[in-house]
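Me: I would like to learn how to read the ligand and metal sites of a model from its atoms. Could you take me through them step by step?

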Amino acid sequence: MKCRVCGANCKQFLDLGKQPIANNFPTKEEFKSEVFYHLTAHFCPSCLTIQVGEVPDMSKVFNKDYAFYTGTSEYMTRHFKQFADRIKADIFPGLIHDGRRPVILEIGTNDGTFLQHFSSPDGPTHIGFEPSGDVAEVAKSRGIRICSTPFESHEFPGVGNWPTTDVIVSANTFAHIPDRVGVLKNIQKILAEDGVWINEEPYFGKTIDLLAFDQFYNEHVYYTSIMSMAMILTNFGMYIESVEFLPTHGGSIRYFIRKGTDDRAVAQAFVYRTLSNTFETNTISHLRKFAADVSVRIDQLKSLKSTGKMVGYGAPAKMSTVTNVCGFGPETITKIYDSTPAKIGKFSPGMHIPIVAPDGFVDDKSKKVFLFIWNHRDEVMGKQKVIDSKGRIRKSKKREWITSVIG
Ligand code: JHZ
Ligand code: SAH
Ligand code: ZN
């Protein structure tokens with residue numbers, strides 16, 4: 001395939017076979033109309049971008065019924081509150097010196113878990129881009145101004161002559177938009193000269209360390225290393241000012257990105273390219289080694305089919321990749337407990353395992369549990385404490401918890 005970013009010929013390193021749309025949880029009646037695509041991953045030797053080959057039509061992915069709600073995790077809710085507090089306390093004051101209202105824009109607002117902290121009438125001028133209908137309704141109910149056009153195809157100025165933007169935030173969304181060049185062009189257009197774009201997403205170095213092959217699915221179109229990010233940004237007159245590593249989603253990275261082509265920008269880009277070169281191996285041979293290790297891991301997981309039935313805990317998008325690549329249907333994983341109302345009563349994509357409300361889990365007799373939300377392990381384990389009739393806290397049943405990732 002040709003690289004979506006620079007047009008060079010890419011090299012394929014991973015093939016995870018036929019996959020359904022990861023966040024489309026069908027009802028029984030919808031089994032026959034499920035959409036499948038071929039999930040492969042490719043490396044661009046020219047701009048170092050890693051990307052999936054085929055992606056389904058995005059209007060079938062991010063639509064009214066999109067099933068992921070950020071607010072289902074208390075940990076993520078706290079994470080975004082802390083992030084918002086930091087922007088208010090440290091970032092706005094560094095940018096605004098004349099008492100005017102700051103301007104903040106978010107790409108991929110979802111249910112508004114982050115942007116709700118900026119939506120009060122006396123708060124900053126704000127807007128959230130969110131094409132998925134039901135999640136956007138939750139954001140609107142939190143007083144957030146929403147634009148439903150995909151960010152990359154929005155014509156700025158539009159939305160009431162949108163002004164230059166002091167802070168642009170994208171969390172787990174930049175990697176989801178196939179037209180990466182369109183996103184970068186729009187950011188370049190609307191970001192104030194001294195503004196900052198803060199982007200967070202799973203860090204690919206961590207995905208490799210954990211063998212987290214389940215981070216590959218149709219929504220994750222791109223897997224960015226610091227090196228590739230530094231290279232791409234240079235072409236759009238931007239540079240990495242700093243990065244932070246975060247524990248979210250099993251190991252994420254947060255980039256602080258500024259506009260600039262001056263000596264400082266060039267020096268900074270050089271620092272990140274050089275620095276990342278010391279701990280990232282952006283080569284096809286390294287990626288092929290990863291793919292070979294993934295294949296061994298998948299074979300180990302497949303062997304679980306012969307060791308008795310399990311139940312699943314959490315029905316994230318990642319679960320779709322694991323169950324489809326391992327061939328886990330209801331005969332292996334009888335049901336999956338998940339707290340999202342939009343998923344409960346439906347079935348897992350492709351393999352059709354029933355998704356049930358989490359209340360029943362405490363009385364579930366299963367000894368083996370497949371923890372699909374390994375990234376929320378601490379939060380899940382915290383919920384396993386049971387209060388007995390005398391008000392004492394005791395741990396719930398002894399169970400074996402299995403995960404797709406190593407370590
Ligand atoms: P979770 C999604 O990934 C999709 P997913 C997306 N592509 C992405 O990049 C990240 O989010 C940001 C349930 N749950 O967070 C709720 C419980 O049942 O791993 C959710 O259905 N009990 C945008 O889908 C799922 O697990 C719990 O205690 O891989 C969480 O999915 C908790 C904490 C969650 O994201
Ligand atoms: N930022 C949240 C939500 C991530 S889910 C978090 O980190 O938890 C990704 C969100 O991006 C979805 O709600 C999806 O509808 C939205 N999205 C997908 N494509 C988009 C696009 N082209 N422009 C803006 N938002 C988009
Ligand atoms: Zn490229």
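Reply: What follows is a reading of two sites in this model, which is predicted.

Me: Which residues come nearest to ligand 1, among those around it?

Reply: One begins with the shell and then turns to individual atom pairs. Of the 23 residues around ligand 1, the nearest are Glu219, Ala317, Lys318, Lys343 and Lys383. A nitrogen atom of the ligand lies 2.6 Å from an N or O atom in the side chain of Glu219, while an oxygen atom of ligand 1 is 2.7 Å from a polar backbone atom of Ala317, and an oxygen atom of the ligand is likewise 2.7 Å from an N or O atom in the Lys318 side chain. The protein covers 97% of the 730 Å² of accessible area that ligand 1 has on its own.

Me: Which elements give two or more residues to the shell around ligand 1?

Reply: They are α8 (317-326) and α9 (377-383), and α9 gives the most, with 3 residues. By class, the shell holds 8 nonpolar, 9 polar and 6 charged residues.

Me: Why is the arrangement around the zinc ion (ligand 3) called tetrahedral?

Reply: The general reference is an ideal angle of 109.5 degrees for four tetrahedral donors. Here the protein donors are the SG atoms of Cys3, Cys6, Cys44 and Cys47, lying 2.3 to 2.4 Å from the zinc ion, and the arrangement is tetrahedral because the 4 donor atoms subtend angles of 99 to 116°. Cys3 lies in the segment before β1 (11-20) and Cys44 in the loop between β2 (36-43) and β3 (50-52), so the pair ties together parts 41 residues apart in sequence. Both Cys3 and Cys44 are buried.

Technical notes:
Residues are numbered from 1 along each chain as its sequence is written. Chains are lettered from A and ligands numbered from 1 in the order in which they are written. This is a predicted model: local features need pLDDT of at least 70, side-chain atom pairs count only at pLDDT 80 or more; totals for chains, interfaces and linings use all residues. Side-chain values use heavy atoms; hydrogens and water are left out. A residue is near a molecule or strand if one of its heavy atoms lies within 4 Å of it. A polar contact is a pair of N or O atoms within 3.5 Å; within protein, one must be able to donate a hydrogen and the other to accept it, and residues adjacent in sequence count only if both atoms are side-chain atoms. Accessible areas come from the Shrake-Rupley method with a 1.4 Å probe; for residues, only the protein chains shown count as cover. Helices (H or I, at least four residues) and strands (E, at least two) are DSSP runs, numbered from the N terminus. Ala, Val, Leu, Ile, Met, Phe, Trp, Tyr, Cys and Pro count as nonpolar, Asp, Glu, Lys and Arg as charged, and the others, Gly among them, as polar. Donors are N, O and S atoms within 2.8 Å of the metal (3.2 Å for Na, K and Ca); water is not among the atoms, so sites may look incomplete. Four donors count as tetrahedral if all angles lie between 85 and 135 degrees; four count as square planar and six as octahedral if opposite donors are over 155 degrees apart and all others between 65 and 115; anything else is irregular. Buried means under 20% relative accessible area, exposed over 50%, partly exposed in between (1.4 Å probe, protein chains only).
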